[in-house]
Structure formats: C-alpha cells, structure tokens
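Biologist: Please take a close look at one contact in this model. Which residues make it, and how do the partners sit against each other? Then work outwards from there.

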Amino acid sequence: MMNNRQLAEAFTLIADLLEIKGEIVYRTLAYRKAADSLLNLGREASEYWKEGKLEEIPGVGKAIAEKIDEFLSTGKLEFLEKLKKEIPTGLVEWLPIPGLGPKRAAMIWKALNITTFAELEAAARAGERA
C-alpha cells in the first residue's frame, strides 16, 4: 500500500509533467496542492480511503480522490503512465537546476530535441540555444 509520501511524489511528478506539457496552470497547481496536503496530513490517506472520505483531505477534490483510489486499489495510475509516455521523464531531472523551470525545459526539449541531463550538459557546453 502506498504511503502519503509516495502519493505526494506521484502527484508532484504529475504536476511537473503537466507543466512541461503546457497544461493550464490551475490544473498543475491542484496536483501540487494535493501533494503538499498529503505530505502534511496527520494520518495516512489510506485510512481516509478505507473510510470513503478521501475528499475530506484538504486540496483533494473528486478527480484527485479518484486517482488516489486507483493508486491505492491497483498500485499504479494510468493517467501518470500515459503522461510518462508523452513527456520524457528525464526532463523532470532538469527542474532543480536554477533558472530552468518546466516551461524552459519544454522549450529546450522541443527546440533541441534533447531529453537527458547529459544531452543538456553537452548542449550547454557547445553553446546551443533554444
């Protein structure tokens, strides 16, 4: 069974991938808010799930509650798997780099067709610009 930290990490990854994809801001913010709420929750989300009260978790509405339910029921989330196929997950590794947020990562990926940190480093050393 997934714990709150694992759920929060998954929702943060969803938010990052959606932002790289160029989704509307409120959607990415909803996943970030849910992730933050899960990290700061006083008890495990699985307890709310067993009680049928996932929507009582702050920042968790119907859509995110359904995703938590799928995670806790199956151990995976089809929505996240679909995003991982659309967006190279290597781009998420770039996000801790100062000044390189999701929008810039997407721009570099699309302009230079690079998806790994090693390719990013080589492009930077070569002076390539997106």
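Modeller: Start with the contact between H1 and H6. On the H1 side, the residues are Asp16, Glu19 and Ile20. They meet Pro102, Ala106, Trp109 and Lys110 in H6. By class, that contact holds 4 nonpolar and 3 charged residues, and no polar ones. The charged members are Asp16 and Glu19 on H1 and Lys110 on H6. The nonpolar ones are Ile20 on H1, with Pro102, Ala106 and Trp109 on H6. Keep in mind that this is a predicted model.

Now the geometry. H1 covers residues 4-21, and H6 covers residues 102-112. Their axes lie 7 Å apart, at an angle of about 55 degrees. Is that parallel, perpendicular or oblique? The roughly parallel class ends at 35 degrees and the roughly perpendicular class begins at 65. An angle of about 55 degrees falls in between, so H1 and H6 are oblique to each other. Their crossing is right-handed.

H1 has another partner to set beside this one. H5, residues 78-86, packs on H1 at about 40 degrees, with the axes 10 Å apart. H1 and H5 are therefore oblique to each other as well. The H1-H5 crossing, though, is left-handed. From H1, the contact takes Ala10, Leu13, Ile14, Leu17, Leu18 and Lys21. From H5 come Phe79, Leu80, Leu83, Lys84 and Glu86. That gives 8 nonpolar residues, no polar ones and 3 charged ones. Here the charged residues are Lys21 on H1, plus Lys84 and Glu86 on H5.

Back to H6, which also borders a pocket. The largest pocket holds about 280 Å³ of space. Fifteen is the residue count of its lining, and the closest to its centre are Ile108, Leu120, Ala124, Glu128 and Arg129. Two elements, H6 and H7 (117-125), give two or more residues each to that lining. H6 supplies the largest share, 4 residues. The lining breaks down into 11 nonpolar, 1 polar and 3 charged residues. Glu128 and Arg129, close to the centre, are of the charged class.

One further pair is worth a look. H2 (residues 25-39) and H4 (residues 62-74) cross at roughly 55 degrees, and their axes come within 11 Å. H2 and H4 are therefore oblique to each other. H2 passes H4 in a right-handed crossing. On H2 the contact uses Ala30, Tyr31, Ala34 and Leu38. On H4 it uses Ile64, Lys67 and Ile68. The tally is 6 nonpolar residues, no polar ones and 1 charged one. That charged residue is Lys67.

Finally, the whole chain. How many helices and strands does it have? The answer is 7 helices and 0 strands. From the N terminus on, the elements read α-α-α-α-α-α-α. The C-alpha trace spans about 55 × 25 × 20 Å along its principal axes.

Methods:
Residues are numbered from 1 along each chain as its sequence is written. This is a predicted model: local features need pLDDT of at least 70, side-chain atom pairs count only at pLDDT 80 or more; totals for chains, interfaces and linings use all residues. Side-chain values use heavy atoms; hydrogens and water are left out. Axes are lines fitted to C-alpha atoms, for helices over the stretch in contact, and angles run from 0 to 180 degrees between N-to-C directions. Angles under 35 degrees count as roughly parallel, over 145 as roughly antiparallel, 65 to 115 as roughly perpendicular and the rest as oblique. A crossing is left-handed if the near helix is turned anticlockwise from the far one by less than a right angle, and right-handed if clockwise. Contact means heavy atoms within 4.5 Å. On a 1 Å grid over the protein atoms alone, a cavity is a set of points where a 1.4 Å probe fits but cannot get out, and a pocket is an open set with protein on both sides within 12 Å along at least five of seven lines; lining residues have an atom within 4 Å of a point. Grid points are joined across faces, edges and corners, and a volume is the space filled by probe spheres set on the points.
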